[in-house]
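Trainee: I'd like to learn how to read a model like this one, feature by feature. Can we go through it together?

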Amino acid sequence: MVFKRGVWLSSIFILMFTVVLSGCSGGTGSSSSSEEEGKTTITFWHSMTELTGDAIAEVIKAFEAEHTDIKVNSVFIAQQGEGKNEKLLAAVAGGNAPDVAYFDRFEVATWANQGSLTDLTEFAQKDGVTEDGFYPFAWEEANFDGKLYAMPTSTDARLVFYNKEHFEKAGLDPEQTPKTIAELEAVAEKLTIKEGKRFKQIGFIPWYGQGWFYGWGWAFGGDFLDANGKVTADDPKNVEALTWMSDFAKKYNIEDIASFTSSQGTSTMDPFFTGQLSMQVSGPWTVSQAKKFNPDMKYGVFPMPTPTGENHTTWSGGWATVMPKGSKNQEAAWEFMKFLSGEQGQEIFSKISGDFSIKESVNEKLGYKEDPIFKEFINILPQSHARPVMTQGSLYWNELASAVDLATRGKGTPEELLKKVTDNVTKALNP
């Protein structure tokens, strides 16, 4: 996701477009056929810079070498604040859309539902592209209402990062990590050092970093959408998860925790890197951040604990390519999308960008399973969840975040708050 150097998973996960010219771009308009060169030119909008920018440039180079009749006009699209979808929406509405766009999979269902994306089902069926080549959660997010609207390209996951030196100082075995919620609580207590209302060191904060409620709901065995598409935020297991978070806030005093977290700003001040936070839920990007901000830090990762210590899981976000409605060279656009999500394109892209591939075979080929940290992420991906595929995904995310905030501050019971989330999202889905 992630989703992505640094914190690429924003609280609502919306891809936002504002066009600027890139060095390799010939313009920002729609695709065209270049009669001079005898090639079909497709326009590709993306927001990738630095390593991911280098990666996509190499993918394009390899694609054009293999498909000598197609040229990719790569156009950089800056990712900015909320509500910046107007450029792409305007391009679609005006019949001047790019052929391919790099897109947050979280938003695929919403855009497909409003008719802004091209149905890729027939393209995939014709070329034998099926879910077998992808992690289940990635394929799930790329589909809506039984049709394929995107081709997955990258992914991530969430685990608990922990400071091994903190474990040793507290008399804990750094190779024996918590598996159950009860064990997590016991370890967190031993790692916490508090003077009055001030934390010198805090063992764990369930909702901090990437500790979003989806992860804990699934860890407790809950679900958020049933087989019939019914919203189930108030699933009894979800209520149990939020009750645990609320009790944790009471035990350590939410105001004292809030004072601690509010003092943490940029990544350089991340309390995990400064030694003030012993454990936190985060994603694979934390590895590169650790090398930059605290290269001598000794740390490890373990799956998010569950009440029983079994059935560990996680959730994943990530990116994809889509074909906006109005793409003028669909066959050529599809060939590029298929290439980027295929074995060759994925190997090139993931090797340079450092992102996890949506293909297990590529992750293995790149040696992620041999890395002591990355292998833990790769090992849990087959059990990962996708956030509910629905047209009100952003609303659901925000409602759950609000419920956690209110519950941990004692402003409503977990059951009442999650029932309200169910009602609000259900109403939005069925106006």
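Trainee: Which side chain of opposite charge is nearest to D270, and how far away is it?

Mentor: Keep in mind that we're looking at a predicted model. As a general idea, side chains of opposite charge can pair when their charged atoms come close. For D270 the nearest candidate is K292, and that one is 13 Å away. D270 is buried and has no salt bridge.

Trainee: Where does D270 sit, and what does its side chain reach?

Mentor: D270 is in the loop between α10 (254-262) and β12 (279-282). Its side chain reaches the backbone nitrogen of F272, at 2.8 Å.

Trainee: How many salt bridges turn up in the whole structure?

Mentor: A search finds 17. One of them joins R409 and E255, at 3.4 Å from N to O. That pair links distant parts of the chain: R409 is in the loop between α16 (393-408) and α17 (414-429), E255 is in helix α10, and 154 residues separate them.

Trainee: Are R409 and E255 buried or exposed?

Mentor: Neither extreme. R409 is partly exposed at 34% relative accessible area, and E255 is partly exposed at 45%. "Partly exposed" is the label here because buried means under 20% and exposed means over 50%.

Trainee: What other salt bridge does R409 make?

Mentor: R409 also meets D405, with 3.2 Å between N and O. D405 is partly exposed too, with a relative accessible area of 37%. Elsewhere, salt bridges with shared partners join K126, D127, E335 and K338 into one network.

Trainee: And what does E364 pair with?

Mentor: With K369, in a salt bridge whose closest N and O atoms are 3.3 Å apart. E364 is partly exposed at 39% relative accessibility, and K369 is partly exposed with a relative accessible area of 32%.

Trainee: Let's turn to the nonpolar side. Which residues touch the most other members of the largest nonpolar core?

Mentor: The general idea first: in soluble globular proteins, nonpolar side chains tend to be buried together. Here the largest core has 74 residues, and F44 and F336 touch the most other members. Helix α12 (residues 330-341) gives the largest share of this core, 7 residues. If you click on F44, look for its contacts beyond four places in sequence, including I56, I60, V72, Y102 and F336. Another core lies apart from this one; it has 41 residues, among them F213, V239, W315 and Y396.

Trainee: How should I read a helix in this way? Which residues of α11 are buried?

Mentor: List the buried positions, then ask what they pack against. In helix α11 (residues 285-293), the buried residues are W285, T286, V287, Q289 and A290. They pack against β9 (159-163), β12, β13 (299-302) and α15 (374-380).

Trainee: How many aromatic pairs does the search find?

Mentor: The whole structure has 36. Take W218 and F224: this pair is edge-to-face, with 5.3 Å centre to centre and 80° between the planes. W218 and F224 are both buried. W315 and W397 are also edge-to-face, at 5.7 Å centre to centre with 70° between the planes. W315 lies in strand β14 (residues 314-315) and W397 in helix α16, so this pair ties together parts 82 residues apart in sequence. Both W315 and W397 are buried.

Trainee: Which residues form one aromatic cluster with those two pairs?

Mentor: The cluster is made of F106, W212, F213, Y214, W218, F224, W315, Y396 and W397. You've already met F213, W315 and Y396 as members of the core of 41 residues.

Trainee: One last stop, a proline. Where is P174, and what does it contact?

Mentor: P174 is found in the loop between α6 (164-169) and α7 (181-191). A loop residue is worth checking for burial, and P174 is buried, at 11% relative accessible area. Leaving aside neighbours within four places in sequence, P174 is in contact with Y162, K164, F167 and E168. Its C-alpha is also 8.3 Å from the C-alpha of N163, and the two residues are 11 apart in sequence.

Notes: Residues numbered from 1 in each chain as written. Heavy atoms only, no water. Helix = DSSP H or I, 4+ residues; strand = E, 2+ residues; numbered from the N terminus. Buried < 20%, exposed > 50% of the residue type's maximum accessible area, 1.4 Å probe, protein only. Lys, Arg positive; Asp, Glu negative; His and termini not counted. Salt bridge = Lys/Arg side-chain N within 4 Å of Asp/Glu carboxyl O. Polar contact = N/O pair within 3.5 Å; in protein donor to acceptor, adjacent residues only side chain to side chain. Core = buried A, V, L, I, M, F, W, Y, C linked by side-chain atoms within 4.5 Å. Contact = heavy atoms within 4.5 Å. Phe/Tyr/Trp six-rings, centres within 6.5 Å; stacked < 30°, edge-to-face > 60°.
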